[in-house]
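Please walk through the model below, beginning with how its helices pack and ending with a few single residues.

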Amino acid sequence: MRVLVTGGLGFIGTELCRTLGRLGHETVIVDSVTTQVHGETPVFDLPAGASLVRLDVRDLPLRYDVLEGVDVVFHLAAETGTGQSMYQIQRYVDVNDRGTAALLEAIAQCSTRPRKVVLTSSRSVYGEGAYRDNSGRIVQPNPRTRGQLESGAWEPCDDDGAPLHMMGTPETLPFAPGSIYAATKASQELLMSAASEALGFTAVTLRLQNVYGAGQSLQNPYTGIISIFFNRARQGMMLPIYEDGRETRDFVHVDDVVAGLVAAMTHDVPSGTVCNIGSGIATSVNELAAELLRAGGLDVPVEVTGQFRVGDIRHNFADINRARTLLGYAPQVALTDGLAGFCAWASGEPVYADRLDKATEELKAKGLAN
């Protein structure tokens with residue numbers, strides 16, 4: 001098939017394009033090659049069978065010809081990062097939502113349109129995600145307020161103050177974005193759904209959990225806790241753990257994500273299908289830091305700071321049963337193995353100046369962190 005991947009030079013996009021090449025597909029990459037992700041002097045090798053159109057996704061209507069005759073589109077191009085989205089609001093909305101609108105407008109101009117568009121969305125659209133109360137009822141707590149965070153009331157509670165119990169979040173949970181980034185991802189989903197029938201393509205959305213693996217940017221201080229921690233640790237720097245370190249995330253290896261993306265391309269599913277893609281396992285940040293240091297053979301202090309960022313969630317891990325059923329999705333890479341592979345790759349990469357402290361100060365200056 002002829003496949004177009006927006007954001008195809010990013011972390012996930014690169015691995016996807018390599019896999020598409022191995023499977024014999026012709027791939028067109030559309031990427032603006034941003035400095036925050038690729039650095040000041042970007043170096044990249046195009047995967048086999050891929051060609052590059054260096055273009056901002058927002059300009060696609062001017063180059064809709066690149067979409068002519070394309071069978072499938074993977075729409076990965078986006079600004080990512082919860083914290084930065086809370087003060088670079090216009091940029092996030094412009095790139096993520098106007099970029100998606102531009103893609104749809106370009107498709108509308110084509111004489112031969114794609115038959116399927118696969119969107120990478122985010123677990124962040126759920127906000128705090130799904131919990132059970134003491135009666136067993138599924139509830140979705142409101143985002144934690146700044147007052148709650150300042151008082152160290154980390155865990156979501158019900159309206160009576162009783163503790164809630166985390167559970168795998170299903171796709172049926174409604175949108176409850178707690179950050180601008182999350183709101184833009186929800187909007188992307190709505191735009192795709194609204195346009196798909198009129199433009200005649202099947203829309204499939206995959207809500208990704210916390211993706212990691214070899215090839216992840218070691219320079220971007222706004223995304224990827226694993227790469228941030230590794231880059232600090234190999235320079236002998238302390239690892240700062242926000243809140244109490246018991247907050248959990250669903251860490252999913254990029255190989256498993258790519259397998260899910262390819263399955264979304266090849267499986268015949270109804271338009272509007274939405275699936276979670278994750279490991280289905282909750283891992284605390286404390287556990288992650290310990291596993292990462294062990295995998296990398298590193299020994300640096302780990303400090304639970306009690307810091308927080310407005311818009312961060314407490315817990316979220318995916319219910320992946322729908323992806324198993326509809327896409328045959330089954331994660332293969334255990335966290336210990338994935339971290340070992342990541343550390344082996346990252347150890348051979350250049351050492352980058354740590355920018356986490358600067359990013360944190362930016363958030364503090366905007367009143368979005370303590």
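**Helix packing and buried positions**

Helices H7 and H9 cross in a right-handed sense. This is a predicted model, and the crossing is a convenient place to enter it. The axes of H7 and H9 come within 11 Å and cross at roughly 50°. That angle makes H7 oblique to H9, because it falls in neither the parallel, the antiparallel nor the perpendicular range. On the H7 side the residues that meet H9 are Ile225, Ile226, Phe229, Phe230 and Ala233. Their partners in H9 are Val285, Leu288, Ala289, Leu292 and Leu293.

Helix H9 covers residues 285-296. From first C-alpha to last, its 12 residues reach 16 Å, close to the 16 Å expected at 1.5 Å a residue. Which residues of H9 are buried? They are Val285, Leu288, Ala289, Leu292 and Leu293. Seen down the axis of H9, these buried residues fall within an arc of 125°, so they line one face of the helix. The spacing fits a general rule: an α-helix has 3.6 residues a turn, so residues three or four places apart point the same way. The cover over the buried residues of H9 includes helix H7 (225-233) and helix H11 (335-346). It also includes several strands, among them E11 (239-241), E13 (251-253), E15 (283-284) and E16 (302-304). After H9 comes Gly297, whose phi is positive, near 60°.

H11, one of the helices covering H9, can be read in the same manner. H11 has 12 residues and a reach of 16 Å from its first C-alpha to its last, close to the 16 Å expected at 1.5 Å a residue. Buried in H11 are Leu335, Gly338, Leu339, Phe342, Cys343 and Ala346. Viewed down the axis of H11, the buried residues fall within an arc of 130°, so they line one face of the helix. Asp337 and Ala344, on the other side of H11, are exposed. What do the buried residues of H11 pack against? Their partners are strand E10 (210-212), H7, E13, E15 and H9.

Helix H12 (residues 356-365) also has a buried side, made up of Leu356, Ala359, Thr360 and Leu363. These residues cover an arc of only 100° around the axis, which puts them on the same side of H12. The face turned away from that side carries the exposed residues Lys358 and Ala365. The buried residues of H12 pack against helix H3 (82-85), H7 and E11. Just after H12, Gly367 takes a positive phi of about 75°.

A further helix pair is formed by H1 (residues 11-22) and H8 (residues 254-266), whose axes come within 9 Å and cross at roughly 60°. That makes H1 oblique to H8. The crossing of H1 past H8 is right-handed. H1 contributes Phe11, Ile12, Glu15, Leu16, Thr19 and Leu20 to the meeting. The H8 residues they meet are Val254, Asp255, Val257, Val258, Leu261, Val262 and Met265.

Turn now to the strands. Ser121 sits in strand E5 (residues 116-122), and Thr205 lies in strand E9 (residues 202-208). Is Ser121 buried or exposed? With a relative accessibility of 4%, Ser121 counts as buried because it is under the 20% limit. Thr205 is buried too, with a relative accessible area of 6%. Leaving aside neighbours within four places in sequence, Ser121 is in contact with Lys185, Glu189, Thr205, Leu206, Arg207 and Leu208. With that exclusion applied to Thr205, its contacts are Leu119, Ser121, Glu189, Thr273, Val274 and Cys275. Glu189 is thus in contact with both Ser121 and Thr205. Thr205 and Val118 are 87 residues apart in sequence, and their C-alpha atoms are 5.7 Å apart in space.

One loop residue completes the tour. Glu243 is found in the loop between E11 and strand E12 (248-249). Glu243 has a positive phi of about 55° although it is not a glycine. At 4% relative accessibility, Glu243 counts as buried.

Notes. Residues are numbered from 1 along each chain as its sequence is written. This is a predicted model: local features need pLDDT of at least 70, side-chain atom pairs count only at pLDDT 80 or more; totals for chains, interfaces and linings use all residues. Side-chain values use heavy atoms; hydrogens and water are left out. Helices (H or I, at least four residues) and strands (E, at least two) are DSSP runs, numbered from the N terminus. Buried means under 20% relative accessible area, exposed over 50%, partly exposed in between (1.4 Å probe, protein chains only). Contact means heavy atoms within 4.5 Å. The expected span of a helix is 1.5 Å times one less than its number of residues. The arc is that of the directions from the helix axis to the C-beta atoms. Axes are lines fitted to C-alpha atoms, for helices over the stretch in contact, and angles run from 0 to 180 degrees between N-to-C directions. Angles under 35 degrees count as roughly parallel, over 145 as roughly antiparallel, 65 to 115 as roughly perpendicular and the rest as oblique. A crossing is left-handed if the near helix is turned anticlockwise from the far one by less than a right angle, and right-handed if clockwise.
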